Amino acid sequence: AEAPRSGIDSLRRFFSEVNSYSARFTQVVLDERLSPIQESSGTLWIERPNKFRWDYEKPYKQRIVADGERLWVYDVGLQQVSVRPLSGGLNDTPAMLLAGRGRLEDNFTIKPLSMQNDSEWVQLSPRRKDSGYEDIRIGFAQGKLRVLEMVDGFGQVTRVTFQSSRENPRIEPNRFSFTPPEGVDVVGE
Amino acid sequence: CATAPLPPAADLDPVWQARQAALVSVTAWQLRGRLALRAADQGGHATLSWKRDGERHRMDFTGPLGRGHLRLTQDSQGAELRDADRRVWRAADAGRLLYRATGWIVPLDGLNYWVLGLPAPGPVANLQLDEQGRLKRLLQSGWDIQFLEYTRHGAFDLPSKMYITRQDRHADGNPAEGEILEVRLSIEQWTLP
């Protein structure tokens, strides 16, 4: 049988061999006492470098699209789009990390964590102190990306769990382009 | 011929009176929702978790994908704002503090009452009710507050969608060129004692 894969190996493999990715996700936000304060779900697509799309479906519709140059956030219920340039760095948003390219070690100190509910975990602590989050933990099951946890300076945890994921699928290029719908306010952030 | 009865002036509407009296006593609550802010062509999105207990308020603003978390707390002593990089600002007034740190103009003092569907204490320029005797539109302290949707929570109908704008006006009431400020608030969850 294959040698048990460490979290670090799975992280390397994800960044070197997985150039596009799609999955359903469920997201839960836990407050600093780790009690859940919000749950949401939807679908995401990723393509290296710096392209991703998070479509939140429940409890409300929100589209977050990184088209390689800019980050668009469209809140359907509130009828507003915000847009800002992507700094391109891996430090932009933890979600950008998954779509990033380049050496992780330049931006993070990386540490394997112990096995936890049959997943191998790694911890990435940003080297820049103003990144807005304390650290990121990524869990892999049988070498496949399973959980992304972002812990911010208040100890609030945003935990995203991926299901029915596909590695290196062919993704329509227009999936990562965004055009604000008619009549919706577009604001710069 | 009998003219149609004039709609009862708000202050005579018994349903509205009873509703106001009941809501005014609710001084501990928690709401969770989403906020979109706009000033001319600048703005942003945030989820909002707001916990009030009498004089004490705690508001958590979190940006998309869990980024840019800001915590604003206020009590009788004053207000404090903390960001996710542990920076701290302090001031007497929460609204001014939020503006200084983020550039967002959010009428917190008014919102504290408006989110319950109540006018804030003090003068009211204009007030319109819907057929169920609930606030439909309110002009107060320079803000125009529209209550677009209500949802039932226990004994109360509470606002679930609000559209708040401020157009700086000249004394004669004509809009000044200054930017239009806009706050769109969707409230998904209420927790009442």
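Here are some questions and answers on the contact between chains A and B and on a pocket.

User: What kind of model is this?

Analyst: This is a predicted model, where local features need pLDDT of at least 70, side-chain atom pairs count only at pLDDT 80 or more, and totals for chains, interfaces and linings use all residues. Residues are numbered from 1 along each chain as its sequence is written, chains are lettered from A and ligands numbered from 1 in the order in which they are written, and side-chain values use heavy atoms, with hydrogens and water left out.

User: Why is the pair Asp185(A) and Arg184(B) called a salt bridge?

Analyst: A salt bridge needs a side-chain nitrogen of Lys or Arg within 4 Å of a carboxyl oxygen of Asp or Glu. The N to O distance for Asp185(A) and Arg184(B) is 2.3 Å, so the pair meets the rule. The rule finds six salt bridges across this interface.

User: How do you know which residues of each chain take part in the contact?

Analyst: Contact means heavy atoms within 4.5 Å. By that rule, 33 residues of chain B and 38 residues of chain A take part.

User: What is the buried area of chain B and chain A?

Analyst: It is about 2900 Å², with 52% on carbon and sulfur atoms. Buried area is the accessible area (1.4 Å probe) that two parts lose on being put together, summed over both.

User: What makes two residues a polar contact?

Analyst: A pair of N or O atoms must lie within 3.5 Å; within protein, one must be able to donate a hydrogen and the other to accept it, and residues adjacent in sequence count only if both atoms are side-chain atoms. Across the interface, 15 residue pairs qualify, both residues at pLDDT 80 or more.
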